[in-house]
Amino acid sequence: MTWADLKAAARKSESAKIADLLKDPDRANEFSISAGDLLFDYSKTTINEETRSILVELFESAGVPAKRAAMFGGQKINETENRAVLHTALRNLSGEPVMVDGQDVMPDVLGTLERMSAFSEAVRDGTFKGQGGAITDVVNIGIGGSDLGPAMATLALAPYHDGPKCHYVSNVDGAHIADVLRHLNPETTLVVVASKTFTTIETMTNAATARAWMGEQVANPASQFAALSSATDKTAAFGISEDRVFGFEDWVGGRYSMWGPIGLPVMIAIGSQAFRSFLAGGEAMDRHFQAASPLENIPVMLALVGIWHNQGCGHATRAVLPYEQRLSRFPAYLQQMEMESNGKSVRLDGSTLDIESGPIVWGEPGTNGQHAFYQLIHQGTRVVPCEFMVGAEGHEPELAHQHQLLVANCLAQSEALMRGRSLEEARNMQSAKFEGDELELQARHRVFPGNRPSTTLVYPKLTPFVLGQLIALYEHRVFVEGTILGINSYDQWGVELGKELAVALEPMVAGDIDPNEKDGSTVQLIRHIQKHRA
Ligand code: F6P
């Protein structure tokens with residue numbers, strides 16, 4: 001099965017009408033997967049039995065099942081960094097051995113989980129104190145994978161948050177840390193420095209700022225710092241005592257790391273039991289992903305729908321539209337997970353990727369998005385496949401009527417995208433107000449092309465367990481798509497060049513080095529900024 005076969009199938013399907021496909025009373029059920037209490041419905045796409053078979057053949061011929069076994073088995077599938085890819089071990093609560101280089105990693109993983117639990121419970125119950133008493137606020141300093149996951153999860157699990165307040169500082173813009181610290185009491189604040197490498201310039205700069213801020217009032221500021229990192233030599237150099245350092249191995253990629261020490265602020269927020277429930281959700285999805293046949297496998301079919309829309313039909317972006325307000329940072333989290341993983345144009349064997357790389361992922365929670373960018377999704381010239389997500393139940397029983405409205409909005413959008421509105425329908429709607437040419441004109445503006453694809457994922461209620469399922473689902477989707485493309489989803493060389501140039505540019509911006517060796521545009525920008533700052 002080749003990309004040309006997929007593209008040919010996509011061209012053939014261009015005339016297919018999703019609304020017509022759905023006249024088949026079995027379609028909704030046949031193009032959906034129920035797994036546990038999740039329902040993934042991809043029946044509002046143009047995928048039919050024939051194209052689904054092509055997609056499953058692509059999955060098989062790309063060797064995804066063998067690669068999946070290799071990943072879970074601790075083989076070094078991150079070939080460009082010569083590393084295993086084992087974030088799944090962090091949620092392997094069963095403790096079944098996972099071998100890397102002949103060593104079972106599980107005793108260390110579970111040992112670290114125990115230490116994290118003990119520390120977070122001590123912070124929560126006030127046994128661990130700051131100079132001014134029990135910890136009231138936790139400031140997580142990290143960026144990318146050391147920020148997006150925990151920040152997203154803290155918002156997502158707000159109903160379970162009964163620990164100290166959690167704040168997240170990521171941007172090197174001093175405004176970010178200034179705005180957070182301004183409201184806090186250093187004597188009751190715990191600063192968590194989260195960095196896999198412990199070299200990331202944004203994080204180390206913010207960590208130094210936080211230490212100076214704390215040092216103004218706290219006699220031993222380092223005693224109110226913890227570190228989450230795989231570079232434990234560097235955490236010691238920063239002055240953080242070993243008992244507050246939570247390490248992880250290089251086989252945990254930054255954007256896949258929230259299941260381990262990087263999740264510490266979430267654990268402090270919701271407690272170690274609830275955090276284990278989050279891990280259990282991820283573990284349940286791992287089992288489903290490994291055991292279910294492709295057609296019954298949600299991550300596999302989510303990936304194949306993605307391949308269909310992006311590489312098959314040529315739709316360059318995908319919108320992820322969680323209706324739950326508490327998932328407001330989920331699209332941003334997925335942007336890193338998907339685009340840092342699959343935004344690559346060289347295959348593992350060094351050849352150039354001969355098909356589009358992973359799509360541009362974006363989104364916002366509904367219903368806000370409906371009043372912002374949905375206009376383009378409904379009537380713009382580009383097709384944007386939409387991935388709706390909604391919970392069957394909210395956490396506010398007293399506001400159940402609002403939840404019903406939320407669900408109705410979500411379902412209405414996928415229906416509207418699919419059905420559209422014909423010129424005739426638009427004419428009929430407007431005929432009481434307009435006539436003749438004016439009626440025609442007014443009607444034309446009210447036409448919706450329809451036939452716009454979407455999928456809907458329904459989960460029962462956004463508990464820690466369900467959040468774990470959702471994140472692991474998307475992780476495995478990225479794995480399947482990346483494997484089919486033949487790329488390495490676990491390195492990120494594309495972020496390095498800008499970092500190197502920023503280091504070289506900083507003294508030029510400061511005025512210590514003449515920027516003249518740079519291109520004309522960069523020199524002009526530096527000169528303008530220098531002229532306009534105080
Ligand atoms: O620059 C990209 C990146 O390396 C991400 O992959 C990572 O999540 C982020 O920076 C932060 O890295 P670290 O955890 O090492 O500070």
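I took contact to mean heavy atoms within 4.5 Å. With that cut-off I looked up T317, in a model that is predicted.

**Entry: T317**

I found T317 in strand β12. Leaving out residues up to four places away in sequence, I listed P359, I360, W362, V384 and P385 as the residues that T317 touches. I then checked the pair T317 and P359 by C-alpha atoms: they are 42 residues apart along the chain, and the separation is 5.1 Å. T317 came up again in a cavity lining, together with P359 and P385. I return to that cavity below.

**Entry: nonpolar cores**

Which residues have the most contacts inside the largest nonpolar core? I noted W251, F330, L467 and I471, in a core of 109 residues. Helix α19, residues 464-485, gives the most to this core, and its share is 12 residues. I followed I471 outward, again not counting residues up to four places away in sequence. I471 touches M152, M258, W259, F278, F330, Y333 and M337. One of these, F330, is also listed with W251, L467 and I471 for the most contacts inside the core. Apart from the largest core I logged another core of 22 residues, and A207, A210, A227 and V245 are among them.

**Entry: largest pocket**

I read a volume of about 1,100 Å³ for the largest pocket. Its lining has 38 residues, and those nearest the centre are T197, T200, V495, E496 and K499. By class I wrote down 13 nonpolar, 14 polar and 11 charged residues for this lining.

Which helix gives the most to the lining of the largest pocket? I found that α20 does, with six residues. The helices that each supply at least two residues are α9 (201-215), α14 (330-342) and α20 (496-510). I also checked the domains: the largest pocket lies between domain 1 (95-276) and domain 3 (494-533), because both give residues to its lining.

**Entry: second largest pocket**

For the second largest pocket I noted a volume of about 470 Å³. It is lined by 20 residues, and G394, E396, Q402, H403 and L406 are the closest to its centre. I sorted the lining by class into six nonpolar, nine polar and five charged residues.

**Entry: cavities**

How many cavities of 30 Å³ or more are there? I counted three.

The largest cavity holds about 40 Å³ of space. I listed its lining as K67, I77, F479, G482, T483, I487, N488, S489 and Y490. Helix α19 gives the most to this lining, with three residues. I recorded the classes as four nonpolar, four polar and one charged. Helix α19 had already come up in the cores entry, where it gives the most to the largest nonpolar core.

The second largest cavity also came out at about 40 Å³. Its lining is made of G306, H309, N310, H315, T317, R318, P359, P385 and E387. I noted that α13 (298-312) and β12 (317-322) each supply at least two of these residues, and that α13 gives the most, with three. The classes here are two nonpolar, five polar and two charged. This is the cavity I set aside in the T317 entry: T317 is part of the lining, and T317 touches P359 and P385, which line the cavity too.

**Entry: backbone**

Where is the cis peptide bond that I logged? I placed it from G366 to T367, with omega near 10 degrees. T367 belongs to the loop between β13 (360-362) and α15 (374-379).

I then looked up positive phi values in residues other than glycine. N82 has a phi of about 50 degrees and is not a glycine. I located N82 in the loop between α5 (64-72) and β3 (99-100). Is N82 buried or exposed? I found N82 exposed, with a relative accessible area of 53%.

D101 also has a positive phi, near 50 degrees, and is a residue other than glycine. I placed D101 in the loop between β3 and β4 (103-104). D101 counts as exposed, because its relative accessibility is 61% and the cut-off for exposed is over 50%.

Conventions
Residues are numbered from 1 along each chain as its sequence is written. This is a predicted model: local features need pLDDT of at least 70, side-chain atom pairs count only at pLDDT 80 or more; totals for chains, interfaces and linings use all residues. Side-chain values use heavy atoms; hydrogens and water are left out. A nonpolar core is a set of buried Ala, Val, Leu, Ile, Met, Phe, Trp, Tyr and Cys residues joined through side-chain atoms within 4.5 Å. Buried means under 20% relative accessible area, exposed over 50%, partly exposed in between (1.4 Å probe, protein chains only). Helices (H or I, at least four residues) and strands (E, at least two) are DSSP runs, numbered from the N terminus. On a 1 Å grid over the protein atoms alone, a cavity is a set of points where a 1.4 Å probe fits but cannot get out, and a pocket is an open set with protein on both sides within 12 Å along at least five of seven lines; lining residues have an atom within 4 Å of a point. Grid points are joined across faces, edges and corners, and a volume is the space filled by probe spheres set on the points. Ala, Val, Leu, Ile, Met, Phe, Trp, Tyr, Cys and Pro count as nonpolar, Asp, Glu, Lys and Arg as charged, and the others, Gly among them, as polar. Domain bounds come from an automatic or database domain assignment.
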